[in-house]
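Student: I am new to this structure. Could you take me through it?

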Amino acid sequence: MAVISNKSLGKPVTRRAVLGFGVLGILGIAFGSAISDKLSGLFSKLSPNNPLSNILPGANGFEIYTVSGFPTESTSAYKLSVGGLVNNPVTLSYDDLLKLKATHMTKDFQCVTGWRVPNVKWTGVRLKDILDIAGVKNSARAVLFRSFDGVYTESLTINQAMRADVIVAYSMLGTSLTEEHGGPVRLYVAPMYGYKSIKWLSAIELSSTVVPGYWENLGYAVNAWIGRSNGRSDPPVD
Amino acid sequence: MHWSTAFLMLICIGSIVAMQIPSLMVFFGGRTPLRIVHIFSGLLLPFPLIYGFVKYKNSKFLKSDLRDLGHFSTDDFKWLKSWGKDFELRLNKFNGGQKANYAFMCGSIVIMIMTGIVMQSYTLLPLSFRIGATFTHKLFAILIVIVLAGHIGYAVFNYPSLKSMVTLRISRDWANAHCKDWVDSVDNENKDIF
């Protein structure tokens, strides 16, 4: 069939491309993190809601994770039950949550798989305030959280749950929580990896011992402090 | 070789796009299956080429094609400089654009697999390497999509050459107009390609 002419072959561009890209890859792995930091400064005006932030490299967008799917619940149908070892079990509606004292935070969201979204605006009610309404019994040592997806669960010790930077959030990124981010209501545990911040929060149960959550049963650390667990060394959120 | 690589590349792109769209992600059974499909189709990407190189290392036809595809003659550079308008140049079977696409894709597959492997090394390597690998992986993902869109675009707008990729036949007029050197080099016994 086709046999190329005797004319000289010319420059071996593909071989050079393969070798060159190989070197580029090593440089990218070694220095890409610094370049990425520079670019994320450039892209910082981009809202994490903007779809571009998921596409552009270094733009620090959210990766959307779910273990079940995307359960939908309207704000009017939403109910948050607080039970277990409490003096008065309560069920709060979305409007009840809005009436409680709001806490605003602007903090990073750090995932245990490595990505981090800087300066996310959060609004919600301190978990402590909600637990105080229900009245935690002295025998309670831990808190179990359930999602209305029916699958995901999470846990905290009482001391962790009482921290000022742990909130039941109904607003994120300046708007009410979207379904993909865990709306209408999710937990936000600022000092811990993202898997603690359970989406689609529907129930809070006080118990005498810590019951490991969904990912914790699959090997993640139960005490998920950012930078001090899961074999990782991320800087703490500010 | 071309179509199996193309198939794997589309699976790679499709699976990662599906992971970015929540409703599609649920449709395909969540993140984990898509992730596995993405990783495996990515790792398999170089194998159609490697298979071709090994299996046909004694085939005069494929060997000369691959050598031609991998090398840029001075005419190829001139053709690229004229943005593909200078058909007076006596080109071989592949034009400079096709060769550039081939070189870029071969290099990109190497870079994507390297960075992809680093991205999976959660505990072995320092975090900054993984961030760097993620960045490079994402950057080249965008470049690949752009180059691939161009590749498909050129194929569609030069429909006879796209058709020849399927039928393995090409019209003599088209070939004479686009790659005269190759037409001249086709052996007598292979004239039925036209």
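Tutor: We shall look at the contact between two chains and then at a helix. This is a predicted model, where local features need pLDDT of at least 70, side-chain atom pairs count only at pLDDT 80 or more, and totals for chains, interfaces and linings use all residues. Residues are numbered from 1 along each chain as its sequence is written, chains are lettered from A and ligands numbered from 1 in the order in which they are written, and side-chain values use heavy atoms, with hydrogens and water left out.

Student: How many residues does the contact take from chain A and chain B?

Tutor: Chain A contributes 44 residues and chain B 49, contact being heavy atoms within 4.5 Å.

Student: And what area is buried between chain A and chain B?

Tutor: About 4100 Å², with 67% given by carbon and sulfur atoms. Buried area is the accessible area (1.4 Å probe) that two parts lose on being put together, summed over both.

Student: Which element gives the most to the side of chain A that touches chain B?

Tutor: That is α1(A), with 18 residues. Helices here are DSSP runs (H or I, at least four residues).

Student: Now α4 of chain A: which of its residues are buried?

Tutor: In α4(A), residues 127-134, they are Leu127(A), Ile130(A), Leu131(A) and Ala134(A). They lie on the same side of α4(A) because they cover an arc of only 100° around the axis. Buried means under 20% relative accessible area (1.4 Å probe, protein chains only), and the arc is that of the directions from the helix axis to the C-beta atoms.

Student: What comes just after α4(A)?

Tutor: Gly135(A), which takes a positive phi of about 75°.

How values were computed:
Buried means under 20% relative accessible area, exposed over 50%, partly exposed in between (1.4 Å probe, protein chains only). Helices (H or I, at least four residues) and strands (E, at least two) are DSSP runs, numbered from the N terminus.
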